[in-house]
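The following note collects points for a colleague's reading of the model. Each point takes up one topic and may be read separately.

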Amino acid sequence: MFTLYSMQLGGNSYKARLALAQLGIPYRLIQIDILKGESRTPEFLTKNPNGQVPLLEVAPGRFLAESNAILWYIAGGTPLAPEDRIEGAEALQWMFFEQHRLEPNLGAAYFWLTLVKGGRELQRHAFEDWMEEGHRALGVMEKHIALHDFFAADRYTIADIALYAYTHVAHLCDYDLAAYPAVRAWLARVAAEPGHVTMEAEPATAVVAK
Ligand SMILES: N[C@@H](CCC(=O)N[C@@H](CS)C(=O)NCC(=O)O)C(=O)O
């Protein structure tokens, strides 16, 4: 059985929990509180020297980091991963876009504005950039999703899961999605997918480690 080291309200960890839930894959869930430094303990650093969650133990002692690599691994061979070569590459294209353009802005704003007390003041200098670059990324998504139902392969895939994680909480960290009607419609389509779980939910397939 997989073991997932996860932060409940972290978008990157949510991606893995959402895919595992929708694929009906049972796993052991270990909650990590990064605000208490639990991803930087000597013990955790032996598992992931980069000191971050999510982290998936795929076999005893074999660890996989990076949320989108985890998505790629767990969804391989399932309908969530396009099997066609170009469609698979297009899913990857959006997953790299998510890590380069979306997550560094929406993810950072979400973390500092919603999870860290006093974060807005602490990060005042960075906030303008996150807003500008985040809106740029949302604009790119809007153009694509106005013409398609999903981001790759004409169906719901791991590309949608990757992009959904921080887009669906954008409104909590000052991003007004009013100018992105197609993105809002896509968010609703993703939330209506069978087996969808929210970021707050502990998936029924998870066995929470005590
Ligand atoms: N690129 C990584 C980013 C992971 C990441 O930023 N994780 C955060 C929580 S969302 C974390 O563990 N931060 C703790 C730290 O850096 O000390 C991914 O997609 O998994």
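1. Asp84 (D84). In this predicted model, D84 sits in the loop that runs between helix 3 and helix 4. Its relative accessible area is 36%. Because the partly exposed class lies between the 20% limit for buried and the 50% limit for exposed, D84 is counted as partly exposed.

2. Surroundings of D84. A polar atom of the D84 side chain lies 3.2 Å from the backbone nitrogen of E87. As for a residue remote in sequence, D84 and E202 are separated by 118 residues along the chain and by 32 Å in space, taken from C-alpha to C-alpha.

3. Lys15 (K15). Is K15 buried or exposed? K15 belongs to helix 1, and its relative accessible area is 0%. Since buried means under 20% relative accessible area, K15 is classed as buried.

4. Partners of K15. The side chain of K15 makes a polar contact of 2.9 Å with the side chain of E98. Leaving aside residues up to four places away in sequence, K15 touches S67, N68, L71, E98, Q99, I161, A162 and A165. N68 and Q99 also appear in the lining of the second largest pocket.

5. Largest pocket. The volume of the largest pocket is about 580 Å³. The pocket is lined by 29 residues, and those closest to its centre are N12, I34, Q52, V53 and E103. By class, the lining comprises 13 nonpolar, 13 polar and 3 charged residues.

6. Elements around the largest pocket. Helix 1, residues 11-22, and helix 4, residues 85-115, each give at least two residues to this lining. Helix 4 provides the largest share, with 9 residues.

7. Second largest pocket. A volume of about 150 Å³ is found for the second largest pocket. Its lining consists of E66, N68, A69, W72, L92, M95, F96 and Q99. Two or more of these residues come from helix 3, residues 67-75, and likewise from helix 4. The largest share, 4 residues, is again that of helix 4. Sorted by class, there are 5 nonpolar, 2 polar and 1 charged residues in this lining.

8. Secondary structure. How many helices and strands does the protein chain contain? The chain has 8 helices and 5 strands. Along the sequence they follow the order β-α-β-α-β-β-α-α-α-α-α-α-β. The radius of gyration is 17 Å, close to the 17 Å that the globule rule gives for 210 residues, so the chain is as compact as a globular protein of that length.

9. Overall dimensions and packing. Taken along the principal axes, the C-alpha atoms of the protein chain fill a box of roughly 45 × 45 × 25 Å. Of the 210 residues in the chain, 52% are buried. Among contacts between residues at least 6 apart in sequence, 71% join residues at least 24 apart.

10. Points to keep together. Helix 4 holds the largest share of the lining in the largest pocket and also in the second largest pocket. For the two residues treated individually, D84 is partly exposed, whereas K15 is buried.

Technical notes. Residues numbered from 1 in each chain as written. Predicted model: local features only at pLDDT ≥ 70, side-chain atom pairs only at ≥ 80, totals over all residues. Heavy atoms only, no water. 1 Å grid on protein atoms, 1.4 Å probe; cavity = no way out; pocket = protein on both sides within 12 Å on 5 of 7 lines; lining within 4 Å. Points joined across faces, edges and corners; volume = space filled by probe spheres on them. Nonpolar A, V, L, I, M, F, W, Y, C, P; charged D, E, K, R; others polar. Buried < 20%, exposed > 50% of the residue type's maximum accessible area, 1.4 Å probe, protein only. Polar contact = N/O pair within 3.5 Å; in protein donor to acceptor, adjacent residues only side chain to side chain. Contact = heavy atoms within 4.5 Å. Rg over C-alpha atoms; globule rule 2.2 N^0.38 Å.
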